[in-house]
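Me: I would like to go through this structure with you. May I begin with how the helices pack?

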Amino acid sequence: MKTFEDVKESVKNHQEYCKRVARETLGKENTSDFEKEVANSLLENAENNIEHLEEITTIEIGAETNSLIQAIQTAYKINLNEYWENFENFLDKYVVGITSDGHLKNGAYFGQSQCLKLGISRDDLSCFKGKDPLQNEAADFFRQKINAQFGTTIPMSSEEKKAYDDYNEVVFGSDELAKEKAFVQLKEIQRDSGTLRNGNTYYILSTNEAYKNAKASLSSGKQY
């Protein structure tokens, strides 16, 4: 597997690439107003992401981990017998799609991009062997393995739903402190799970005024 710093460097390189593409577009002659608007938005977004690189790397690792789990689950549903009869072959044929020396294989693999980004090998997925990947136990064991390697805190199964439920229980109530606690908890779980990524857009908590205000209020011990 890669390390947190490895993934952070990859994320930075991608954001730098986005900046170059945006600047090339802005530097062309006869660029339409719409193209300029899109390029400026891309440039601003990439610069903001680089400014908050640590946080978006955390989001990226969470998103790729949970996406890989979903990829394994999808491949399992389609190739159920092969999963149980020849697990290693199942991973080679349907999930990983990367050679032992790090090159991409041709073909359709459900988890190829995720394995590439996190540096996941077939051996790293051995924790699923003999376990039903649709069950929380197998998925959570893999999340724990990722957290140990990357120093992240990807939440376990059902934690994000519980955070939603906890927030919904208090959001319309009069207890402001309970609302702030539930809101901060929900946002941090969403960050760590990768839910705050949508394509190349990251919903960064460091720039989220509602989150920052709630966090500051809790840190100060404000009384209502």
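Me: What is the handedness of the crossing of H9 and H10?

Reply: In this predicted model, H9 and H10 cross in a left-handed manner. Helix H9 covers residues 176–193 and helix H10 covers residues 209–220. Their axes come within 9 Å, at a crossing angle of roughly 125°.

Me: And how are H9 and H10 oriented to each other?

Reply: They are oblique. The angle of roughly 125° is not over 145, the cut-off for roughly antiparallel, and does not fall in the 65 to 115 range for roughly perpendicular, so the pair counts as oblique.

Me: Which residues make that contact?

Reply: From H9 the contributors are Leu177, Glu180, Lys181, Phe183, Val184, Lys187, Glu188 and Arg191. H10 supplies Ala210, Tyr211, Ala214, Lys215, Ser217 and Leu218.

Me: How many of the residues in the contact of H9 with H10 are nonpolar, polar and charged?

Reply: Seven are nonpolar, one is polar and six are charged.

Me: Let us turn to the N-terminal end. At what angle do H1 and H2 pack?

Reply: Helix H1, residues 4–27, packs against helix H2, residues 33–51, at about 155°. The axes of the two helices are 8 Å apart. Angles over 145 count as roughly antiparallel, and H1 and H2 are therefore described in that way. The crossing of H1 past H2 is left-handed.

Me: Which residues of H1 and H2 meet?

Reply: On the H1 side they are Gln15, Glu16, Cys18, Lys19, Val21, Ala22, Arg23, Thr25 and Leu26. Their counterparts in H2 are Glu35, Lys36, Ala39, Asn40, Leu42, Leu43, Ala46, Glu47, Asn49 and Ile50. By class, the residues of this contact comprise nine nonpolar, four polar and six charged.

Me: Stepping back, how many helices and strands does the chain have?

Reply: There are ten helices and two strands. Read from the N terminus, the order is α-α-α-α-α-α-α-α-α-β-β-α.

Me: What are the overall dimensions along the principal axes?

Reply: The C-alpha atoms fill a box of roughly 60 × 55 × 30 Å. The protein chain has 224 residues, of which 42% are buried. The exposed surface is about 12500 Å², and carbon and sulfur atoms supply 47% of that area. Among contacts between residues at least 6 apart in sequence, 62% join residues at least 24 apart.

Me: Now for some individual residues. Is Arg143 buried or exposed?

Reply: Arg143 is buried, because its relative accessible area of 10% is under 20%, the cut-off for that class. Arg143 belongs to helix H7, residues 136–150.

Me: What is Arg143 in contact with, leaving aside its neighbours within four places in sequence?

Reply: With those neighbours left aside, the partners of Arg143 are Thr65, Asn66, Ile69, Ile154, Pro155, Met156 and Ser157.

Me: Thr65 is in that list. Where is Thr65 found?

Reply: Thr65 is in helix H3, residues 53–78. Thr65 is buried, with a relative accessible area of 0%. Not counting residues up to four places away in sequence, Thr65 touches Leu118, Phe142, Arg143, Ile146 and Ile154.

Me: How far apart are Ile146 and Thr65, C-alpha to C-alpha?

Reply: The distance is 7.7 Å, although the two residues are 81 apart in sequence. Ile146 lies in H7 and is buried, with a relative accessible area of 0%. Besides Thr65, Ile146 touches Met1, Ile61, Ile120, Gly151, Thr152 and Ile154, again not counting residues up to four places away in sequence.

Me: What about Phe150?

Reply: Phe150 is also found in H7, and its relative accessible area of 4% makes it buried. Leaving aside neighbours within four places in sequence, Phe150 is in contact with Met1, Lys2, Thr3, Phe4, Val7, Ile61 and Leu118. The C-alpha atoms of Phe150 and Asp6 are separated by 9.7 Å, with their positions 144 residues apart along the chain.

Me: One more. Is Glu60 buried or exposed?

Reply: Glu60 is buried, at a relative accessible area of 8%. Glu60 lies in H3. Leaving aside its neighbours within four places in sequence, Glu60 is in contact with Val7, Val11, Lys117, Arg197 and Tyr202. Glu60 and Ser193 are 133 residues apart in sequence, yet 8.7 Å apart in space, C-alpha to C-alpha.

Terms used. Residues are numbered from 1 along each chain as its sequence is written. This is a predicted model: local features need pLDDT of at least 70, side-chain atom pairs count only at pLDDT 80 or more; totals for chains, interfaces and linings use all residues. Side-chain values use heavy atoms; hydrogens and water are left out. Axes are lines fitted to C-alpha atoms, for helices over the stretch in contact, and angles run from 0 to 180 degrees between N-to-C directions. Helices (H or I, at least four residues) and strands (E, at least two) are DSSP runs, numbered from the N terminus. Angles under 35 degrees count as roughly parallel, over 145 as roughly antiparallel, 65 to 115 as roughly perpendicular and the rest as oblique. A crossing is left-handed if the near helix is turned anticlockwise from the far one by less than a right angle, and right-handed if clockwise. Contact means heavy atoms within 4.5 Å. Ala, Val, Leu, Ile, Met, Phe, Trp, Tyr, Cys and Pro count as nonpolar, Asp, Glu, Lys and Arg as charged, and the others, Gly among them, as polar. Buried means under 20% relative accessible area, exposed over 50%, partly exposed in between (1.4 Å probe, protein chains only). Accessible areas come from the Shrake-Rupley method with a 1.4 Å probe; for residues, only the protein chains shown count as cover.
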